[in-house]
Every structure is written in C-alpha cells, then in structure tokens.
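Trainee: Before I use words such as buried or tilted in my notes, could we go through the reasons behind them together?
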Amino acid sequence: MSGEATSPAAAVTARPGPAAWAVLATLCFIYVLNFLDRQLLSILAKPIQDELGVTDGQLGLISGLYFALFYCVLAIPVGWLADRTNRVKVLSIACGLWSAATAACGLAGSYPQLAAARMAVGVGEAGGVPPSYAIISDYFPSGARGTALSLFNLGPPIGQAIGIAFGASIAAAYSWRLAFLWVGAVGVVTALGVWFFVREPRRGALDTPPLDKVVDATTAAPSPAGFLSTCRTFFTHPVLLRTALACAATQFITYAVLNFTTLFLMREKGMTLQQVAVWYALLIGIGVSAGMFASGRLIDRFAPRWKAAYAYIPAAGLALAAPLFVGFVWAPTWPLALVFLALPTGLNYFYLSPAVTLVQEEVRPDQRTLAGALLLLVMNLIGLGLGPTYLGFVSDWLRPSHPDNSLQLAFYSLVPFYALAVGAFLWLARAIRRESQETPA
C-alpha cells in the first residue's frame, strides 16, 4: 500500500485515494483484533469463573486496573518512540506481542497465570491505537478525518460483536481456552502482513497549510517536538486536558458496563452462551458502530463552523442514554433488557470520534502519536482502570446481602456517573468557546 504523498500542495486539496482507504481498512481490522483480544476475557467470564474460581472483584482487576496500568503507562514511551521512528513498524510489533499474550491466556491454569497473561496483553496493546490515530491523520486531510477516524473506531464494536459471537460459540461447543488460542494466532499472522504491506505516510503532508509550507526562506524549520514539551502542552492546554477528563468520565461507565454485561445477562437475566452469541453480539455490533459512525459524520458536518460541537454532541448522547440505561438494569427479562440497551449502546459512544479528531487537530503533526497516547493514558487509566474494578468490587460487597442481584444493584450505582460525564463535556464546551474567541479568524 503506497502511502507517500506526492506534493504537499496537491495533497491538501486531493481527496483520499484508494491507498488511503485500504490502509484505513487494514488499521480498522487491527483495531478489531485489539478489542477482540481485550474483551474476550469479559465475554468468557462465566466459564472462566466456573473453572478457575475467579470472583467478580478479581475479574474487575484483571480486566480493569491491572490491564490499564500496563496499557496506559507504556503507551506514553511507545507513542514518543513512534513519533520519531516508523509508526507502522511499531504497530506491527505491538500487534504480534498482544496476540501472542492473548494465546497465553488460553493456557493459564490459575488466576495468577491469567493475570500475568492479561498484563502482557496490555503491554502489547499500548502500541496499537496511538500510532494508528497518527497514521490515519496523515492519510486523510482535515474535513475527512472525522469520518476516517469514526470508521477506524468501528474496530471496538466489530471486535466486541465478533468476540461475543465467536468466543461464546467456541466456548459453548468446545472450550473457552480454544477461543483465546485461535484469536491469538490470527493476530500474529496479521502483524506480519502489516510489517510487509503497509507504508509509512509522510508526516503533516495533508495539513492546511502543510507542515513544510509553514516554513519560508527566512524561517528556521521547527525542531521536533520534545517528549516533555508535548506532555506539558497536553496537560496545560485547557481543551486537550478537558477532552481527556470528559472521555475518562464516560469510559468509567462504558468499560464497567462492557466488562460485566455478558455476566449480568447470563447470571441475573437468564441468557445462555448461545443466546449471547447471537442477540448480544448483534446489539453490540450494530449499536456501537452506529454511534461511532454517526458522531464522526456529525463532527465533519458541524465542527468546521461550530467547534463546540466536539463537546455538545457527546453531552447530548449521554444525556439521552442515561434513562434508557436505567431501564436496561431494571428489566425483568433479557429480551426487554436488550431492547432498553439498544439505543444507549450507540449513544454511550458518541464521545470517542469527536474526542480523537479534536486532539489530532489541536497538536502538531509530529506530536500526534504522543498526544493520542496521552489522551488514552488519562481516559483509560480512569475509565478502563477504575470502571470495571469499581463495579466488580461493588458487586462482591453486595453479594452476601443480595446474592441474586448484586450485579444489578452495582449497575444502578453507575447512573450518577452519567451526570458527571455530561457535566465534563459541558465544561469542555466552555474551554472550546473561550479558545475560539481568543483565536483570530
């Protein structure tokens, strides 16, 4: 796949060509594997609990905090390295590493072995998403990035849907261990394909104006952005910092729900693995994909004229999702629960495409991978690290007094976090409006 831009002037006005779309499809497939590997543990939680004796709290730790610590912290040095080297090669190595670790999960004979394998998955996945954000931003110009990144962000829902359908079917027919082994093998083969067939794009060639056109004969070329200067810029920039915090508040909800919904539907709503493999897989695949794509299209339409749309669109989605989420938790049967869950499944993910697009356009081209890693650090360390951990421990705490519905009560405790997330995005909107007023037209 050829990724080198021909001429910067032409690149800015040209529409994305077939090579760009082919690279986007490849990166989306890698993201599918990334999320499939990450979520397979929660999908197969019931048979894993039955065989290894894992509690809800332990499950929350290895799918949340333990995983997030390695995933988020290592994403920072990996992002800095990718901004200075070949991002495609970094992505390929990371994909091979997390896929091998996923296969190792299928060989675990105890909780400590499973926890170690999960942490190794986090080490590999630290090099997955941030380089992909930057690569896409150098294949697609401003005005098309929102759509491109929203299509890339279809990776999680597709990965979740395939994981639910594939993982539950394999576990029901054979063993939960076989699901981990097969998914890991596919990832290793994919990593080799990326190494040999995806080309590294030219940094900043599609920006307006292009990076190399900013410099004239009397101006020195900008030096590469330093690690500390990029970190300082991110955490002192009101828009960037508030974007990360708003996403973190949202992901506290989404990751907690995602990591325990399959267990909740099976243990307290009466679903079987076969039913999960069909109905919940369809709901995740269609619902989250629709939310990702719709929010990206809305951003490309409204944000060029109304920048605060980056914040108001996610806030509106979360406000609409909250009462329907309560209906999902309350529903006495699993079919009714899935009806209530259908719309919130999409609305909960109205935040990701706008946030990623905003961060990629707020920083320099040579800061994009590290800025994406810093975004993931904040939102995943809080959301992925604390959300499932919190929900698992609340369920364990309630289990002695409410043995039949401890997860249901734990899910109810997530409702106030919806208000917190909406408030965080409105806080972001204030920063965006202030920045727009201070920036000359």
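Mentor: The exchange below takes a few labels in turn, and we should keep in mind that this is a predicted model.

Trainee: Why is Ala 161 called buried?

Mentor: Ala 161, which has its place in helix H9 (residues 155-173), has a relative accessible area of 13%, and because buried means under 20%, the label applies to Ala 161.

Trainee: Why is Trp 21 called partly exposed?

Mentor: The relative accessibility of Trp 21 is 39%, and since partly exposed covers what lies between under 20% and over 50%, Trp 21 counts as partly exposed.

Trainee: What makes the aromatic pair of Trp 21 and Phe 140 edge-to-face?

Mentor: The two ring centres are 4.9 Å apart, with 75° between the planes; pairing asks for centres within 6.5 Å, and planes over 60 degrees apart count as edge-to-face, so both conditions are met by Trp 21 and Phe 140.

Trainee: Why is the pair of Phe 264 and Phe 411 called tilted?

Mentor: Here the centres are 4.7 Å apart, but the angle between the planes is 45°, which is neither under 30 nor over 60 degrees, so the pair of Phe 264 and Phe 411 is tilted. Phe 264 lies in helix H12 and Phe 411 in helix H18 (residues 406-412), 147 residues apart.

Trainee: How do you know that Lys 89 lies over the face of Trp 195?

Mentor: Lys 89 is at 4.5 Å from the ring centre of Trp 195, and the rule asks for a distance within 6 Å together with a direction within 35 degrees of the ring normal; Lys 89 is accordingly listed as lying over that face.

Terms used: Residues numbered from 1 in each chain as written. Predicted model: local features only at pLDDT ≥ 70, side-chain atom pairs only at ≥ 80, totals over all residues. Heavy atoms only, no water. Helix = DSSP H or I, 4+ residues; strand = E, 2+ residues; numbered from the N terminus. Buried < 20%, exposed > 50% of the residue type's maximum accessible area, 1.4 Å probe, protein only. Phe/Tyr/Trp six-rings, centres within 6.5 Å; stacked < 30°, edge-to-face > 60°.
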